[in-house]
Each structure stands twice: as C-alpha cells, then as structure tokens.
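I opened my notebook to look through this structure piece by piece. These are my entries, in the order I made them.

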Amino acid sequence: MLDIEIDGKQIQVPPGSTIMDAARALGTYIPHFCYHKKLSIAANCRMCLVQVEKAPKPQPACATPVANGMKVFTHSDLAVTAQKGVMEFMLTNHPLDCPICDQGGECQLQDLAVGYGGTVTRFKEAKHVVLHKEVGPLISMQEMSRCIHCTRCVRFGQEIAGVMELGMANRNVHSEIQTFVGRSVDSELSGNMIDLCPVGALTSKPFRYSARSWELARRKSVSPHDSLGTNLTVQLKNNRVMRVLPRENEEINECWISDKDRFSYEALNSAERLLKPMVRVDGALREVEWNVALDYVAHALNDIAKNHGAESIAALASPHSTAEELYLLQKVARALGSGNVDFRPRRKDFSTDGKRAGTPWLGLRLAEIKDLDAALVVGSFLRKDHPLFAQKLRQLAKKKGKVSLISVSGDDPLIDLHARISVAPRNLSRVLAAVVKAAATLCEVAVPAGLEDVEPCEQAKAIAESLVKGGKKAIFLGNVAEQVDQAGQLHALGAELARLTGASLGFIGEAANSVGGYVAGALPGAAGGLNARQIFSQVRKAYLLLGVEPEFDCANPQEAVAALKQAELVVLMTPFRNEKATDYADVLLPLAAFTETSGTYVSTEGRVQSVNGISRPQGDARPGWKVLRVLGNVLSLPGFEYESSEEVRDEFIPAGTEFVGNLDNNVDLPLSPLAPFVAASAAGLERIADVPIHFADALARRATALQKTRDAAGPVARIHPETLDQLAIASETQVRVKQGEGEAILVARADVLVPPGCVRVAAAHAATASLGEMFGPINVERA
Amino acid sequence: MLTTESIQKIDREIAKYPADQKQSAVMAALAIAQEELGWLPSEAIESVADYLGIPPMAAYEVASFYNMYDLKPVGRHKLTVCTNLPCMLSGGVDAAEYLKKKLGIGFNETTPDGRFTLKEGECMGACGDAPVMLVNNRHMCASMLPEQIDKLLEELK
Amino acid sequence: MAILGTINPLLTVGWNGDAGWRLQEYVQRGGYKALRRIIEEKIPAAQVIDEVKKSGLRGRGGAGFPTGLKWSFMPKGEGEKYIVCNTDEGEPGTFKDRDILRNNPHAVIEGMVIAGYAVGAARGYNYIHGEIWDLYKRFEEALDEARAAGFVGKNILGSGFDFELNAHHGYGAYVCGEESALLESIEGKKGQPRFKPPFPAAVGLYNKPTTINNTETFSAVPFVLNMGADAYLAIGKQNNAGTKLFSVSGHVNRPGNYEIPLGTPFAALLELAGGVRGGRKLKAVIPGGSSAPVLPAEIIMDCTLDYDAISKAGSMLGSGAVIVMDETTCMVRALERLSYFYHEESCGQCTPCREGTRWLYEIVHRIEHGKGRPGDVDLLRGLTTNIMGRTICALGDAASMPVQGFLKHYRDEFEYHIEHGKCLVPPEVQRAGSTFFKATV
C-alpha cells in the first residue's frame, strides 16, 4: 500500500492507483470532464490538474500514479490557477447557450464554470462552429459546438459497447465527434453516451426540450425487460414518465442501461394503451365498467368449469409480468381447479418439468462474472437478447477470461471470443455433446454413455480445454437453448459438462421474471396440468392471458391463435390494445403498465427487487395484482383478501429475502439418445427465429423512438448464400416463407452468418406472426 | 473496390507488422488507395478498414488527421507549397503567390481543367532547399524560383 | 544535397549524395564494422550500453537526453521489445535527418540493429515522414540490401540474434515527431500523444517496452562504437560530446547542413553558411528549430552551439535547426506564421493546446493585419503561461516558447503594429529581402 496525503488528509491506496482514485476514496472532489471510472484514462480535458509536492508543473489527477509519500494540493494557488486556465480555454469556443441547452441544470461544464470560470471573457474572437450530425432516433447531436472533446463517448463505444461508431475526426480546433460518413449510432447500449456526455452535445432525442431536469421527480425502479434486474431511475413530471436513467448498482448493471431499458418508457404514453375494460357484446368489443367486465369473466369461467370441467381452463402469463401477478394468476387457476398454467410462452420442450432439482437460475451471482477464467454461452443472440450481460462478458474477455459461444448464427457479439461454433438448431445438442466428450477426454474419465460416436471438432476441443483448465468458470444457456426442441437435452448436457469441468451451469433467462415465475409457481406442478404448449395443442375452452400477446410471444403463434379462435372465452389482461386480438378476445382488461404498478422481479441471479407504483395508471387501467385479487373475490375464491402487493409477495417470498432460495440447475434427464447429425443438404430447411431486441415485449414494441432504430427494421429471410443457390433464389428478391398454414412475404438476403440449410426469420413481429414454430421446418419459394 | 495490385501492395505493408497488429498498415493502405484513386472517397476508406478488420470510423480518424490524405477530389497534380517560416524567409510565400496568380486559383482550389490543385503545406523538412513544393505527395521540388515553377507547370500535363 | 561544410566531421565523412548511399559504399567507408565486431567478439549487450553511456552521446532529436541512459531503462530479459527510429522531421528549420537518409541510410540501420542487440529487441521500425517519399523508398531499398547481406533479419551474421527492421511512413502530421504520438501512428491511429508516465521504455509500441531515438542519434552509434567512447567524448566540449549536424536556413548565402563539433561558436557556423545573405545585417536567430525561443543577433553572436550555452542564453539547442533572420524580417509576421503552424498541427486532444494554440494564432494574426488591440501583448503572454506545462505533450510548450521569445526581444515591433496597424519594418524593406522575384529580374 502507498501513503498519500491530499489537502492534508491521509489515505493508503494500492499500487497502481492514481491521484484521482485516492481523492475519490477520500471523498475529495477534483474537477474533471474526461475522467470516468469505467473508461480508460484520456487525460485530455486537463481540468483535474492539481499540485503535487516537488513537481514544478501541475499534474492531471486522473492519470498521475500515486507515489509513496506523495503530497497533493487540489486547492493551492498553483492548482486553482491551472484549473481556471483550463476552464477559460474550455469556454472559448463553447457557445454558452445554457438557457436553451437541454443539459442545463445537469451540466458538468455549467457547474464547474460557476466555480472556475471568469465573469467576463478575454476571448474576443469569432467562435468556432461545428455542424450538427444526424445519428439516428435516440441520440441528438444537434449542437456539436458544445462538445468539449473529452472523448468519453468515443471511449464508451470502443471499450464498453465494443463497437467504435463515434470517433473524433480531423485535428486541432477542427476536431469533431462524428460517425463514419453520417451513419447512425446503432449500438444497443448507445444511450449511455448521453449520460456520459458532460455537456449538452449528445442529448436524448425523445426527451429533448420536454422538461428541465429540476422539474422532474426521481423515483427508483427496476427494468421489466431482460433478466438482469437492471436498476433504473424513472423521472416524472406531472405524473408522466419523461425519462429513464440508470440507477447505479455495481453488482448488477454497474452504471449502464440498455437502450431498451432507457427508451421503452415512451410506450407508457402510447396511443395503443387500453384505457377501459372491454367485453364482446353482440360480436363486437364494447367498453364497459370494471364490475361488469369482472362479473362477465367470473360467470363465464364458472359456466365453463361447470360444463366442461376446470381442466378446460388455461392461464398463460408473460414472464415480464410482476411476480405478484404471476402468483395470483396461478392461484386463481388452481383455485378454480385447473393446473393449466404457465409463464413460458416461447418454450417448446418441457421435458425438464418435474425433473428439475430446484429453481433454474444463472448459476452464479452477476458480480462473479468478472472473476471468471472461462465462460461458455450456448444458444444466444447475446448482444440483442442480453445487452448488459454481453457487456460483462466483453469486459471479461478483455481481462483475458476465455469466452466461447455455441449458437445458431454467426452474429458478432463484439466480444473477443476464445472459440465459437455456429450450427443449425437441430445440431446444437450434438455440438454441446462434443464439448462434453472432449472435456471427458481431457479429464481422463469415461465418455458418458451415448456420446461415443460424437466427434469433437477443434473449436469444441478448445472450448472444453478452456473449461477444464480455468479456475473459475461458467456455462450459460441462453434464450435459444431454452426455445429449441432439444432444450431439455441441452440442459442435461450442460449439467454434465458443468459436473465434468467444475463450472457453474446457468440460464441467462429471457425476461425480468424468468426466475420469478418458477418461484411464484406459475407452471404445471406435481398435481399435473398442461404447459404453455399443451394448452394450445390441446385446445381449451377458456384462456386467461396475462400480458401475453400470442401473435408475438408464443413459440408457435399460428397454433396459439388457432386455439384461441376456437375457445369460448379469451380474457386478455393487458396494458395495450391489440388489433389482432379483436378476432378472438372476449374480454380485455386494462392493466397498469410498468411504473404504474408495484410488484417484484426476481432476476436471473435470484435477486428479489420490489418496486413501487410511481405513476398513476392511465385511464381505468389497474395494477394486475389488484385485478386478479378482485377477480378472486368475484369468483368467491378463498384467500384473496390482500391489501397490498407486499402481502401477496410475502405469501411466496418471505419478507426480507434478498436472494430466493432453492436455486438449483440440476436435472434428472438422460444425455442421450442424441439426435443424429443432420447435414444441411440432407434435410429440409430449418427456421431460426431470433426475437429482435425491440420486439421482445409489449412495451418495447410500442416505444416510438426504439421502433425507428436499425434494430427495429422489419424481418427479412436471411439465408446462407450456398443454400440460396441451391434454392435458385437470388439475394434481395421477394420470397414466400411458409410454415404450416401460414406464410409471409419477405425479402431473401444472403447471409454467411446463417448456418447452411437454415432460414433466419425473426419472430415477435407482425410480418411473421402468421408463421409457426420459431425453430422448426420452413419452406421458402420465390414469390 | 481496390485493384488486385493495390491489395498486393497493402499485403506487403501488413507483413511488416506483428500478425495481430494489422491496423498498423492503415496509413500505408490509405496512401495506396489514394494513389490508385487520386483521392480518398469514403468507400475507399471503408474498404481499407474492412480489409484490415478495423471499424471504418477508426480509418476515417486517420484519414482526416494526416494532411496528405485528400478526402475531397483533387486535380491531376496536387502542388503543396511550404510557406512555413524558414521557407517564407526564402520565398516560400512568394512562390505560393506566384502559383496562385499563374493558375488563377487559391489554396485548396482546383483549376477548372482539373489539372492542378494548390495546397498550403507545413514544414516538409527540407528548409535548406526553400522554396520547396511537393507534387502529388511524392515528388519534392527544391529551390522553386519563378523559372523552375514555370518549367514544372509546363511538364505537368 | 550533400553536406555543405564541416569542421572535424565524423558522421558525414565520405558522403557523396545520391552516388554513395548503397551498402557497398557504406561498407567501404567502414560500415557495419561496429555491428560485426559486436557479433564476432560476442560483446555482451550491457557492455554496448555502457560504451554508449560513457561516450556522452545525447539524443539529437531535440531533447538531448543521454542515449545510453535511455537504453538502460529498457527492462532486461526476454519479452517483446521494440526499437523505433524517429525520422518524422517536421520541426520548421530542421532537415538534417533527410540528408542522413539520403547519404547514409545504412548508418541508421546499423545503429538500430546495434540498439536492438543492446536492449534485446527483435523488431524495429523507422518512422519516416511522408513528405520525403523518395527517401522512404530508398530506406526500404537499403533494408533489402542489409537483409540480403545478413545484417538485418533472422540470425544476423550467424549469431542467432534476430532483428527485423521495417520502414513506416507518416503522412503529414508534425505532432508525430513527439515519440508517443509516433508510436500511436505506427499502431495505425491518429498521432495523439500519450500521457507519460508510463514512458515508452515501460509501455511503448503495442504496449511493449520500446526505445525511440532520433535518426542522427542512431546514425552516430556505429561511429561512437568504432572510435570508442573516450575518443567520441573528446570531441566537442564537456557534457556536449561529439559532432552534430546543424541545419541552417533562412537569410544565409548557403542554406544547408553542416557538421560541426558541439561547442563551436555560432559565428563559425554562420561563416560556413556563407554569412548573411546580401551582406545584410543579422537581426535574429532561432537556434534550435521553430519551438526554440528566438535570440537577437547580439546574443547569438556571442554563443557557442551546445546544449548548455544556448540554454544559458535563454533558448534551446533543440534539433540544431538554425533559422537565420536578417534586418528585412518583420517579427510579427514571422511569429504569425509559426503560430499558425502550431495551431494547425495541434492534435486537438487536450484543451489548453487545442484551444490555446488557435487563440494565440488569432491574436497574432489580428496584430499582423492591423487589428491588434491594446493589451494584446499581455494577453498573449498570459495565454502562454496558461498553456505551458499543462498539456499532454510538449506541443503546447513548443507553441508558447516562440511567442514568449518574440515578445521578450521584439515587444516594440508588436506594440508598433498594434498602435499603427502596420509593420515597423517597412513593406518595401521586407520585399527587398525576398530573393524569389530577384531571380527573374
């Protein structure tokens, strides 16, 4: 440890620390712009110049390493003169347009100029003007004259987002932050650059000019999107959510959030909000009062239970629902006598149900990822499925952790990968089996039965080696691994690989309550019941759908919608109108959306985070837990006397729980028989369906700015050029894509990243909602 | 978009550096592309970046930083005249003025026939030969007094 | 251009312009003897470094840092290390390295290979500024010759020592002459200097330990080793060992490069260069490249040319670039051009330099164009103190020192400009000083 004294205060810091590190540890503020704790040191703004004893010149605190016995003065004449000198230069070409600047009130330059700026300027020359840039729907670069060239945004792209979209072009005073020839900024983490910008150069396009920062109330919340449990600060003005910012939590999201976390709030004020309950009367959906709607639902459910048996009722929830909603939905269904309840609509293979040792989860805490020596991700569109989880692996790979990826496409995760294998979905389990076999060979133990004929390729061996040799390692099964036909087998193989190598096994988890749903028991239990798939394949009479949009959220939307059309009663509990649902819905109950309801999310690491309702629900919408509670009352079901969502939660998660218990990824399933390897030429075409990042849930689908991003571009049929040739289809021509009864007209696009013999067609999009299985046979012909 | 010959030249440059440091060849590759195309359209910058496996913006930063790269079309002959102090003391500025008058263009302009572009240069490390000028980044001309300038313009068709 | 004049020459002996640069001629002049001896006699690396240390050879790029000491900072033992030669000669007034590459590229190659041997590096690059393309090509040709002869590449002269050497060209950026900017440039990035520490000897090219020296320094190494440290030390004067190339430009009859021992009187160099052009009166001299503060005639005429004497006189020996100005020179106009240069060449990275160099230029430009304001001189001086010592690299200082020097010695010319809106040196006198149009008359 090194001794350092700053302004008379002493502290010890580890070798390698900078003066800035020491000052932060002491709570001493040193003015700065370019320094950011998560970014590399640039030392370019020069605002943090301080006096160091014996040094003739002031030194930048951010870049100067601490030497033992160093004495630093942050407010001496030498230091303050230097800081003021820098501030004068900083303001020479700055427009000083604070009154009309969106950053006003939360601007580092404005704040520091108060302390270090002069009252009159000595700069009498013409100010340098920097033209505005157009970089897409999320970030505004309208006033680039404000830029102080700290390059935080550039470094963020290079270091955190993993893609250098912004750079500083030219030199001298003509230096400008820009993209390559006017391109848009497309990173799924781009919004963080707005937070990082210490001035009003990069601002939020959706938020611009809508409020002043001091007018906003700040409330804590948690992201309802992916499974990380990202902490948010939601800012409101007059009960309207105006902006969402990261709430720093080093153990979860650090200081970042994804663009989806940041901009999906726009959906709260969407014109598609469902504001009144609606009931089908004489063939048309009509607005009614709540009591009418709930009475209607209760009567209909009782009738169906009486006439067809309670097992003809099914309940299906979105895993983005709160844990309380999930719990109460299953409670209503079970109280009615039906075990047909699930929260995993995109799942196809349920072979692990009843075979799991506990609640499936990440397998380790998020904060442990940074310490891994090796990680293997199986079946994931990493960046788009889990932007911040991918970011953690990106940083891990930079620190020499060996990160490998086995998946169904060659998309660039912007991670320096140790090894990667991309195969058709039908061959995923064979590839993972090859890694298991290679690991067994390396460990000099018997190859597990059934894997004898598997031939590990070089990449599989490299992956096995990284897992065998590493000290701390993890295997992660992604969304695809849970969505494909062989999900159970992948789970079993993953568990075997973990056992062999000493790695942890885990699921990244698709949604905010992918773990919470298990904890809430929102799935068929020991008493039996139909799962998310069976409720549609074995058509029911009544469906209670909570937050689910069947066209977009189900593994086979074609089958789901067909079943719903045959049902006697379809109740949709949802914050949004859904034009397609008018075909089959009998009752629409308006739910309070994210920020409007209290509730709990159990993140992929098992962390319990409860949030408050922080804005009033729109129209007559009501929090889901209240709707289900009252429905229970109207149905005269016992045990629905809750006064608060906390009371609901305490029933299945003991009060004060930080991490839920019984987290266990072991599974009692055989590894074999493995499906035989199917070469591309030997089989029909297989569909690969990604869930595009901004279509993954009902909120994101209606977030206007997100819907204008490149990530929200409509689906195309991506096909390997060899396969296209075999089909005699030219790239960029229209094709008819068919699954079962459904078809879609899409543009075919040659894409070497798609495994031969496959067609990548996104799910969760209106253009492909008529298609069938996300992973399954598909036909493509010229349109 | 680059010719095989240019690609071969770029490959020779890449070979100078450690295998995992292809970016080191970007300056040479951009110079080769500019030599082939006369200037650096953004497509050329992007194809160089793609070839080296670096982000286009990283290549653009380089192309816009060093002043011998031309991000806008130039005439067949780019004349860069040094006017820095040592050259100025020996007629560098006078030579530039002479050229401006003779060609009827200012700095950063191109003659209407597309033959000449005039640029103001910074020190080229040849102050003893002042006035100096550089033709198309390649050929340095020393002691460019009026007679020599006249002769040079005559030679450059 | 070959060497124009010498006093007790060393580096330039036998130079014969375009006709004498090839390997064969270099070997005839005793080239590669030092390298051969090191290899054949298996002289330990540490001994090579000690010899260079003892010789007192100081870096010829401008800072004058002791070369052997710099080499000794390199970590010992295995591991990737680099040798880099700085031929990014762009400091106005400096053109000596160009003549070294033209006349004697193999001396640079030999010096670099020896340095590689001494510090245990297996790769090297010579960064040659893009404006001297023909010499970049010539250096590559010389490298091919050296490779073919076994002086460069794998298993040099059968010793088992590998040293791969290549040329990397710049493409127009003065700041790349700053060693860490030069490293960034070799890495294929903008030439933006790095904050130091760490110094290149710890974290250099590709983040590996790196020794960077100037072209002239490397070219002197074989001579130092051939003649022995003591003999080299005996040339010049104390703390200023050896000969140095001086680039003389501006108002002299014979501008060009001159090799003289350090410590030679300025008057002797001026005489070698043919004296002030047209027999005019010497007004001022910038003794060490444009960044060095200007010295009036009466001061410089009493100086010897060595690091200590010039420093005592209030300037810097720098790269040995002597810019001579006679009585026809307007000092405001001269500074305006230099200030424009530093503004133009600022990399744009750090605030005081990016904003400050531009501001300096704009004020001097205003003064030169008759739009000076009372207080401008003090403002200029104040700005230089706000820039100096507060930037990442020395370019901020380099831009400020000329301003301070010109204001110190020629404040009256600036005040006159501000007050009268025109030059103290009448335009017709300035015009009369130009040789450009006279050539046609």
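For the element names, I count helices and strands as DSSP runs, numbered from the N terminus. The model is predicted.

**Entry 1: a phenylalanine in a loop**

I began with C:Phe163. I found C:Phe163 in the loop between helix H7 (133-148) and E4 of chain C. Is C:Phe163 buried or exposed? I looked up its relative accessible area, which is 0%. Under 20% counts as buried, so C:Phe163 is buried.

Next I listed its contacts, leaving out residues up to four places away in sequence. C:Phe163 touches C:Ile83, C:Met112, C:Val113, C:Gly116, C:Ala121 and C:Ala122. The list goes on with C:Arg123, C:Gly124, C:Val152, C:Gly153 and C:Ile156. I also checked C:Arg147, 16 residues from C:Phe163 along the chain. Their C-alpha atoms are separated by 9.9 Å.

**Entry 2: helix H8 of chain C**

I moved to helix H8 (residues 179-186) of chain C. How many of its eight residues are buried? I noted seven, so the helix is mostly covered. They are C:Ser180, C:Ala181, C:Leu182, C:Leu183, C:Glu184, C:Ser185 and C:Ile186.

What covers the buried residues of H8(C)? The cover includes helix H2 (26-37) of chain B. From chain C it includes strand E2 (82-87), strand E3 (123-128), strand E4 (164-169) and strand E5 (210-214). Just after H8(C), I saw that C:Gly188 takes a positive phi of about 90°.

**Entry 3: two helices that pack**

I then took H6(C) and helix H9 (residues 215-227) of chain C. Their axes are 7 Å apart, at an angle of about 80°. That angle makes H6(C) roughly perpendicular to H9(C).

I wrote down both sides of the contact. H6(C) brings C:Ala107, C:Val108, C:Glu110, C:Gly111, C:Met112, C:Ile114 and C:Ala115. H9(C) brings C:Thr215, C:Phe218, C:Ser219, C:Val221, C:Pro222, C:Phe223 and C:Leu225. I sorted the residues of this contact into 10 nonpolar, three polar and one charged. C:Met112 of H6(C) meets H9(C) here, and C:Met112 is also on the contact list of C:Phe163.

**Entry 4: the cores**

I looked up the largest nonpolar core, which has 251 residues. Which residues touch the most other members? I noted A:Phe389, A:Leu393, A:Phe476, A:Met573, B:Tyr66, C:Trp71 and C:Ile109. Helix H6 (residues 105-119) of chain C gives the most to this core, with 10 residues. Domain 1 (4-65) and domain 2 (77-156) of chain B both give residues to this core, so it lies between them.

Apart from this core, I found another core, of 59 residues. Its members include A:Val378, A:Val480, A:Phe507 and A:Phe695.

I went back to A:Met573 for its own contacts, again without residues up to four places away in sequence. A:Met573 touches A:Leu329, A:Leu544, A:Leu545, A:Leu546, A:Gly547, A:Leu589, A:Leu591, A:Val627 and A:Leu628.

**Entry 5: chain B as a whole**

I ended with chain B. The domain assignment gives domain 1 (4-65) and domain 2 (77-156). Their centres, taken over C-alpha atoms, are separated by 28 Å. I counted seven helices and five strands in chain B. Along the sequence they follow the pattern α-α-α-α-β-α-α-β-β-β-β-α.

The C-alpha atoms of chain B fill a box of roughly 50 × 35 × 25 Å along the principal axes. Of the 157 residues in chain B, 61% are buried.

Definitions and conventions: Residues numbered from 1 in each chain as written. Chains lettered and ligands numbered in written order. Predicted model: local features only at pLDDT ≥ 70, side-chain atom pairs only at ≥ 80, totals over all residues. Heavy atoms only, no water. Core = buried A, V, L, I, M, F, W, Y, C linked by side-chain atoms within 4.5 Å. Buried < 20%, exposed > 50% of the residue type's maximum accessible area, 1.4 Å probe, protein only. Helix = DSSP H or I, 4+ residues; strand = E, 2+ residues; numbered from the N terminus. Domains from an automatic or database assignment. Contact = heavy atoms within 4.5 Å. Axes fitted to C-alpha atoms, helices over the stretch in contact; angles between N-to-C directions. Parallel < 35°, antiparallel > 145°, perpendicular 65-115°, else oblique. Nonpolar A, V, L, I, M, F, W, Y, C, P; charged D, E, K, R; others polar.
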